[in-house]
Amino acid sequence: MSDPRELYQQVILEHNKKPRNFGRLEPHTHAAEGHNPLCGDQLELTLFVKDGIIEEVRFQGHGCAIDVASASLMTTSIKGRSLEEAGLLAEQFRAMVRGELDPAREPHSLGRLTLFQGVKDLPVRVKCAVLPWATLHSALAGEAVASTE
């Protein structure tokens, strides 16, 4: 499988069909809701943070395949990370899908998340991919509602 687009499609389909960390976390220390009115995506993110480390994270809601896959991969990527690391990852992901970060030429810590770099070529889908990360940003900032702007 040498075509990155094929791998991207397989990962999106796999995480949409069997999302990781799906459900609501109780108890939780941080939470936020996100909504993308363009696509109808709705997401609730709940996290349990202890001593500055994300010990557990879950999401629930409904959305398009890109939104669900992005949320699924996000939760697996931030679990066990510090709040600072998760915040940096969110910034890098948002910059990448908006075409502001080229993971092939600039330093980053995105790892497998670079599969989403092609989203920048689908402007109508950028907000779908960003919604979970915007919701994470809101949850960590103590805001109840996320914005994809």
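Two strands count as paired here if DSSP finds at least two bridges between them. With that in hand, the pairing in this predicted model can be read residue by residue. Asn 36 of strand 1 stands opposite Asp 41 in strand 2. His 30 stands opposite Leu 47, again in strand 2. Strand 1 covers residues 30-36 and strand 2 covers residues 41-50. The two pair in the antiparallel sense, over seven bridges.

Between them is the hairpin. Four residues separate the strands, and Gly 40 takes a positive phi near 85°.

Strand 1 also has a partner in strand 4, residues 145-146. These two run parallel and are joined by two bridges. Glu 33 stands opposite Val 145 there.

Now the sheet as a whole. It is open, has four strands in the order 3-2-1-4, and its pairing is mixed. Strand 3 and strand 4 are at the edges with a single partner strand each, so one side of each is left without a neighbour in the sheet.

Which residues of strand 1 point to the buried face? They are His 30, Ala 32, Gly 34 and Asn 36. Ala 31, Glu 33 and His 35 point to the other face and are not buried. The general pattern is that side chains in a regular strand alternate between the two faces of the sheet.

Next, the helix packing and the core. Helix 2 lies across strand 2 and strand 3, and runs at about 170° to strand 3. The largest nonpolar core has 42 residues. Those with the most contacts inside it are Leu 47, Ile 78, Phe 93, Val 97, Phe 116, Trp 133 and Leu 136. At least two core residues come from each of helix 1 (4-17), strand 2, strand 3 (53-62), helix 2 (65-78), helix 3 (83-97) and helix 4. Helix 4 gives the most, with nine residues. As a general remark, nonpolar side chains in soluble globular proteins tend to be buried together.

I will finish on one residue of that core. Leu 136 lies in helix 4, residues 126-140. Is Leu 136 buried or exposed? The cut-off for buried is under 20% relative accessible area, and Leu 136 is at 0%, so it counts as buried. Setting aside neighbours within four places in sequence, Leu 136 is in contact with Leu 45, Leu 47, Met 74, Ile 78, Ala 86 and Ala 90. Leu 47 is the residue opposite His 30, which brings us back to strand 1.

Notes:
Residues are numbered from 1 along each chain as its sequence is written. This is a predicted model: local features need pLDDT of at least 70, side-chain atom pairs count only at pLDDT 80 or more; totals for chains, interfaces and linings use all residues. Side-chain values use heavy atoms; hydrogens and water are left out. Buried means under 20% relative accessible area, exposed over 50%, partly exposed in between (1.4 Å probe, protein chains only). Contact means heavy atoms within 4.5 Å. A nonpolar core is a set of buried Ala, Val, Leu, Ile, Met, Phe, Trp, Tyr and Cys residues joined through side-chain atoms within 4.5 Å. Axes are lines fitted to C-alpha atoms, for helices over the stretch in contact, and angles run from 0 to 180 degrees between N-to-C directions.
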